Amino acid sequence: MITIEGGAFQYPDGGVIANGTMVLKLSWDSTEIVTTPYGTVVAGEPIEIALDANGNLVPTLIWSNSELTIPTYYEASLFNADGVPLFKAPMIWVFNESSGSVVNVGDVPNQGSIPGTNLIVTTGAQGPQGI
């Protein structure tokens, strides 16, 4: 697992998004390949992460996408302290860091809206259908 933190989220006017919430959703169920025996990581349960007074995520453990057998990604949504959504659309994040890494989410590119780029996920026979 990796630790995600940071972000320094702010409004367009530079005001800090204090005490908000980040919600991560894994793209689909997968199997982690770190523990023995391997375990299933379910996508149906969102991960809610608090932002501190400075707009930073509190350090949180998540599975790196490189630790999962099926190619996956996370959808990231951001909400202010009143629960109002702030991203126009969820950001798409892929974490390829190795187990034990610490990642500042402010350095993670949005894989879902880079002009001229498409997110392509290929899967084998065990992958999701209809994608």
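Contact here means that heavy atoms lie within 4.5 Å. The structure is a predicted model, in which local features need pLDDT of at least 70 and side-chain atom pairs count only at pLDDT 80 or more, while totals for chains, interfaces and linings use all residues. Residues are numbered from 1 along each chain as its sequence is written, and side-chain values use heavy atoms, with hydrogens and water left out.

**Exercise 1. Describe the overall make-up of the protein, from its strands to its contacts and surface.**

Step 1. Helices (H or I, at least four residues) and strands (E, at least two) are taken as DSSP runs numbered from the N terminus; the protein has nine strands and zero helices, and its pattern along the sequence reads β-β-β-β-β-β-β-β-β.

Step 2. Among contacts between residues at least 6 apart in sequence, 68% join residues at least 24 apart.

Step 3. Buried means under 20% relative accessible area, exposed over 50% and partly exposed in between (1.4 Å probe, protein chains only); 35% of the 131 residues count as buried.

Step 4. Accessible areas come from the Shrake-Rupley method with a 1.4 Å probe, where for residues only the protein chains shown count as cover; the surface of the protein comes to about 7,500 Å², with 52% of this belonging to carbon and sulfur atoms.

**Exercise 2. Identify the elements that contribute to the largest nonpolar core, and trace the contacts of Leu57.**

Step 1. A nonpolar core is a set of buried Ala, Val, Leu, Ile, Met, Phe, Trp, Tyr and Cys residues joined through side-chain atoms within 4.5 Å. The largest one has 24 residues, of which Ile4, Phe9, Met22, Leu24, Leu57, Trp93 and Phe95 touch the most other members.

Step 2. Two or more residues of this core come from each of strand E1 (2–6), strand E2 (21–26), strand E6 (57–62), strand E7 (74–79) and strand E8 (91–93).

Step 3. When residues up to four places away in sequence are not counted, Leu57 touches Ile4, Glu5, Gly6, Phe9, Met22, Ile49, Ala50, Leu51 and Val105.

**Exercise 3. Work out which parts of the chain the pair of Trp28 and Tyr73 ties together.**

Step 1. Rings of Phe, Tyr and Trp (its six-membered ring) pair if their centres lie within 6.5 Å, and planes under 30 degrees apart count as stacked, over 60 as edge-to-face and the rest as tilted. By this rule there are four aromatic pairs.

Step 2. Trp28 and Tyr73 form an edge-to-face pair, at 5.7 Å centre to centre and with 80° between the planes.

Step 3. Trp28 lies in the loop between E2 and strand E3 (30–32) and Tyr73 in the loop between E6 and E7, so the pair ties together parts that are 45 residues apart in sequence. Both Trp28 and Tyr73 are buried.

Step 4. Elsewhere, ring pairs link Tyr74, Trp93 and Phe95 into a cluster.

**Exercise 4. Place Asn54 in the structure and characterise its contact partner Ala8.**

Step 1. Asn54 belongs to the loop between strand E5 (47–50) and E6, and it is exposed because its relative accessible area is 52%.

Step 2. With neighbours within four places in sequence left aside, Asn54 is in contact with Ala8 and Val16. Its C-alpha atom is separated by 9.7 Å from that of Gly15, a residue 39 residues apart from Asn54 along the chain.

Step 3. Ala8 is found in the loop between E1 and E2, and at 41% relative accessibility it counts as partly exposed. Its phi is near 45°, a positive value in a residue other than glycine.
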